[in-house]
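Trainee: Hi! Could you walk me through this structure while I have it open?
Mentor: Happy to, just ask as we go.

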Amino acid sequence: MANKARGNIYLIGFSGTGKSNSGRQAAGMLGWEFFEMDDEIEAAAGKSIPQIFEEDGEERFREIETGVLRRAAARSGLVVSTGGGVPTREENRKLMAETGVVIRLTASPETISDRLAASARRRGRALRPLLGSDAPVERVRALLAEREEAYATADSQIDTDGLRHFDVASLIVDTWSHLSQMAEHADQAGPANTEGPRDDD
Ligand code: S3P
């Protein structure tokens with residue numbers, strides 16, 4: 001539990017839930033470093049994410065992704081914006097759970113689809129190989145359902161529908177503060193906490 005309180009904040013959740021924008025602002029509020037996994041993956045591979053998927057395949061992408069997550073997990077005081085597929089690997093879930101608090105950002109499939117299609121239009125290209133440029137709501141819904149169990153392992157979750165990045169960032173900081181206080185208390189209570197009441201309680 002000690003690592004939970006003193007480690008990193010991992011933001012997990014589907015593309016388009018605002019992990020990057022809100023995470024960057026939350027890092028600013030805390031005076032922590034922001035760690036954007038997708039950027040780190042592109043730097044490590046020397047090419048864009050769509051190129052990695054196209055030239056090397058998804059499995060290779062997932063290997064690079066886990067390597068980048070290991071680098072983040074070896075540090076502390078980071079707000080980590082994870083890629084949407086990170087929690088689908090058990091190894092990744094374990095790494096995050098052992099080295100920080102895990103906060104899931106959610107949004108409705110309609111909101112996600114609208115946000116991703118708008119972002120692809122703005123940039124003139126699709127950035128998420130698994131979703132294409134129009135991120136159809138049915139495809140989003142199906143992938144969300146497939147991943148629900150993995151996402152549900154988070155310590156806490158924040159619904160971002162209708163919220164500004166700044167509001168989500170404030171909620172991330174509040175949630176982290178609450179979770180790390182609970183972890184500190186659990187540490188102080190020690191193993192006696194798991195035993196039944198003593199006679200003198
Ligand atoms: C992915 C999400 C993307 C990126 C890659 C795969 C996924 O990250 O890692 O396209 O499997 O959901 P964002 O969640 O930052 O869009």
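Trainee: Let's start with helix α6. Which of its residues are buried?
Mentor: Keep in mind that this is a predicted model. In α6, which covers residues 90-99, the buried ones are Asn 92, Leu 95, Met 96 and Thr 99.

Trainee: Where do those buried residues fall when seen down the axis of α6?
Mentor: They fall within an arc of 90°, so they line one face of the helix.

Trainee: And which residues are exposed on the other side of α6?
Mentor: Glu 90 and Lys 94 are exposed there.

Trainee: Which residue does Lys 94 form a salt bridge with?
Mentor: Its partner is Glu 98, and the closest N and O atoms are 3.3 Å apart. Both residues sit in α6, and because they are four residues apart, about one helical turn separates them.

Trainee: Is Glu 98 buried, partly exposed or exposed?
Mentor: Glu 98 counts as partly exposed, because its relative accessibility is 43% and the partly exposed class runs between 20% and 50%.

Trainee: Why can side chains pair up like that?
Mentor: Side chains of opposite charge can pair when their charged atoms come close.

Trainee: How many salt bridges does the count come to?
Mentor: The count comes to 14 salt bridges. One of them joins the side chains of Glu 63 and Arg 60, at 3.1 Å from N to O.

Trainee: Which helix do Glu 63 and Arg 60 lie in?
Mentor: Both lie in helix α5, three residues apart, which is about one turn of the helix. Glu 63 is partly exposed at 41% relative accessibility, and Arg 60 is partly exposed too, at 40%.

Trainee: What about Glu 148 and Arg 104, how do their side chains meet?
Mentor: They meet in a salt bridge, with 3.0 Å from N to O. Glu 148 is in helix α8 (residues 137-151) and Arg 104 is in strand β4 (residues 100-106), so the pair ties together parts that are 44 residues apart in sequence.

Trainee: Is Arg 104 buried or exposed?
Mentor: Arg 104 counts as buried, because its relative accessibility is 7% and buried means under 20%. Glu 148, on the other end of the bridge, is partly exposed at 37%.

Trainee: Which residues are joined into one network by salt bridges that share partners?
Mentor: Those are Lys 47, Glu 55 and Asp 56.

Trainee: Back to β4 for a second. Is Leu 105 buried or exposed?
Mentor: Leu 105, which is found in strand β4, is buried at 1% relative accessibility.

Trainee: How far apart are the C-alpha atoms of Leu 105 and Glu 90?
Mentor: They are separated by 19 Å, with their positions 15 residues apart along the chain.

Trainee: What about Ala 74 and Thr 99, how far apart are they in sequence and in space?
Mentor: Ala 74 and Thr 99 are 25 residues apart in sequence, and 8.1 Å apart in space from C-alpha to C-alpha. Ala 74 is in the loop between α5 (58-73) and β3 (78-81), and it counts as exposed at 69% relative accessibility. Thr 99, as we saw, is one of the buried residues of α6.

Trainee: New topic: charge on the surface. Which residues gather in a patch of positive charge?
Mentor: Arg 121, Arg 122, Arg 123 and Arg 125 do. To pick one, Arg 122 is in helix α7 (residues 109-123) and counts as exposed at 66% relative accessibility.

Trainee: And after α7, what is the phi of Ala 135?
Mentor: Its phi is positive, about 40°, although Ala 135 is not a glycine. Ala 135 lies in the loop between α7 and α8, and it is buried, with a relative accessible area of 1%.

Trainee: Last one: where does Val 140 lie?
Mentor: Val 140 lies in helix α8, buried with a relative accessible area of 0%. Val 140 and Glu 110 are 30 residues apart in sequence and 8.4 Å apart in space, C-alpha to C-alpha.

Trainee: Great, thanks for the tour!

Technical notes:
Residues are numbered from 1 along each chain as its sequence is written. This is a predicted model: local features need pLDDT of at least 70, side-chain atom pairs count only at pLDDT 80 or more; totals for chains, interfaces and linings use all residues. Side-chain values use heavy atoms; hydrogens and water are left out. Patches are made of residues with over 30% relative accessible area and no salt bridge: like charges are joined within 9 Å, nonpolar side chains (Val, Leu, Ile, Met, Phe, Trp, Tyr) within 5 Å. Accessible areas come from the Shrake-Rupley method with a 1.4 Å probe; for residues, only the protein chains shown count as cover. A salt bridge is a side-chain nitrogen of Lys or Arg within 4 Å of a carboxyl oxygen of Asp or Glu. Lys and Arg count as positive and Asp and Glu as negative; His and the chain ends are not counted. The place of a charge is taken as NZ of Lys, CZ of Arg, CG of Asp or CD of Glu. Helices (H or I, at least four residues) and strands (E, at least two) are DSSP runs, numbered from the N terminus. Buried means under 20% relative accessible area, exposed over 50%, partly exposed in between (1.4 Å probe, protein chains only). The arc is that of the directions from the helix axis to the C-beta atoms.
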